[in-house]
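Hello,

Here is the structure I promised to pass on to you. Please open it alongside this message, and then read on for what turned up.

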Amino acid sequence: MDLNNEITPDATTETVAEVPMESAFKVSAIELNKLTESVYLIKREMQKVIVGQDKTIDLMIVALLTGGHVLMEGMPGIAKTLMAKLLAKTIHVNFNRIQFTPDLMPTDVVGTSVFNMKTSEFYFSRGPIFSNIVLIDEINRSPAKTQAALFEVMEEQQVTVDGVTHMLDFPFMVLATQNPIEQEGTYKLPEAQLDRFQFRIMVDYPNLNEEKLILQRFKEDFNQTNVEQVEAVITPVDLKKMKDTIQNIFIKDELVDYIAKIVVNTRNHPYLFLGASPRASMAILKSCKAMAAIKGREFVTPDDIRDVTFEILNHRIILTPEKEMEGFEPKKIIEDIIKEIEIPR
């Protein structure tokens, strides 16, 4: 893979806004090059195992760099769990996996107070959520009581037990998976829970060429030993610097207005019962800055906004019962909303 090809800015398209004056940029070329090189290294390590899924990997990295969480939805066997594990392996951080089941209790996730017989005192025993990157496998397998245990920790990076607040270390990221077709033994995530995920990524099947590449790669490696070749290439200190760089990516006021119009139009759309929250606006703002940065640009374009909007909005809007019965898809409505708004130049 050619490093230069990975980090070269996108070619201009019909929707690219006018390039701002260089004096408007707060990000230096050195900072941007360090970020794009780190992103390239993460992708290179993950692609030792993963074939295709480029958009999914990009969005996972965007969420990592902006402090967001990701819900991956797709059929069994398409590497959702594997991608989460590989992303964690590329960073010098702790990783935990929690398998959600119907009998899982909230204390099994966040921890509980335990009585010490020797000291006659209670102490807090931390649950598996106390890690840097947490994979929650089949999140919709546990009932609402257990799902609710994630509300505070996903939004505020802290856990409160018996009136005592316990902070989590930086970075903290939840990567959750769920199967979209199974209904038996599952519990639908409430809207408040879904809203805490920056992205809901619909992971699709590989195409024919990708399927062939997968078979070629593993035809003499049934145990997937190449997973062990994936190495950590960045540290939490690197991540903090990358976050600072992304915050300073330039975005024109016209593009900020563009984001606001997209989100507000979801609240006024006749086919939607529930529109997106201000949390969605902030997610688009942060994500489009990160998308511009990993493409090697110091400024945001309309294409960066459109690249992230569907995965940010698809789980935050609810169709009216009539349109849901008619078979309308959220994707079509989101696309129509974007088309109706004039693209800033």
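Below are some notes on the overall chain, two helix pairs and one loop residue.

Please keep in mind that this is a predicted model.

**The chain as a whole**

The chain contains 15 helices and 11 strands. Its radius of gyration is 21 Å, close to the 20 Å from the globule rule for 345 residues, so the chain is as compact as a globular protein of that length. Along the principal axes, the C-alpha atoms fill a box of roughly 70 × 50 × 45 Å. Half of the story is inside: 50% of the 345 residues count as buried. Among contacts with a separation of 6 or more, 79% are between residues 24 or more positions apart.

**α3 against α12**

Helix α3 (residues 54–66) packs on helix α12 (residues 278–294) at an angle of about 115°, and their axes are 9 Å apart. That angle falls in the 65 to 115 range, and the two helices are therefore roughly perpendicular to each other. The crossing of α3 past α12 is right-handed. If you would like to display the contact, select Asp58, Leu59, Val62, Leu65 and Thr66 in α3, which meet Lys286, Ser287, Ala290, Met291 and Ile294 in α12. By class, this contact of α3 with α12 has six nonpolar, two polar and two charged residues.

**α13 against α15**

The other pair is helix α13 (residues 302–313) with helix α15 (residues 330–340), packed at an angle of about 140° with axes 10 Å apart. Roughly antiparallel would need an angle over 145 degrees, and α13 and α15 are therefore oblique to each other. Here too the crossing is right-handed, with α13 passing α15. On the α13 side, Arg306, Thr309, Phe310 and Leu313 meet Lys331, Ile334 and Ile338 of α15. The residues in this contact of α13 with α15 divide into four nonpolar, one polar and two charged.

**A loop residue to look at**

Val233 sits in the loop between α9 (208–218) and α10 (236–247). Is Val233 buried or exposed? Its relative accessible area is 22%, so Val233 counts as partly exposed; the cut-off for buried is under 20%. Leaving aside residues up to four places away in sequence, Val233 touches Leu41, Ile42, Arg44, Glu45 and Thr90. Leu65, one of the α3 residues in the contact with α12, is 168 residues from Val233 in sequence, with 15 Å between their C-alpha atoms.

Happy viewing, and best wishes

Conventions:
Residues are numbered from 1 along each chain as its sequence is written. This is a predicted model: local features need pLDDT of at least 70, side-chain atom pairs count only at pLDDT 80 or more; totals for chains, interfaces and linings use all residues. Side-chain values use heavy atoms; hydrogens and water are left out. Axes are lines fitted to C-alpha atoms, for helices over the stretch in contact, and angles run from 0 to 180 degrees between N-to-C directions. Helices (H or I, at least four residues) and strands (E, at least two) are DSSP runs, numbered from the N terminus. Angles under 35 degrees count as roughly parallel, over 145 as roughly antiparallel, 65 to 115 as roughly perpendicular and the rest as oblique. A crossing is left-handed if the near helix is turned anticlockwise from the far one by less than a right angle, and right-handed if clockwise. Contact means heavy atoms within 4.5 Å. Ala, Val, Leu, Ile, Met, Phe, Trp, Tyr, Cys and Pro count as nonpolar, Asp, Glu, Lys and Arg as charged, and the others, Gly among them, as polar. The radius of gyration is taken over C-alpha atoms; the globule rule is 2.2 Å times the number of residues to the power 0.38. Buried means under 20% relative accessible area, exposed over 50%, partly exposed in between (1.4 Å probe, protein chains only).
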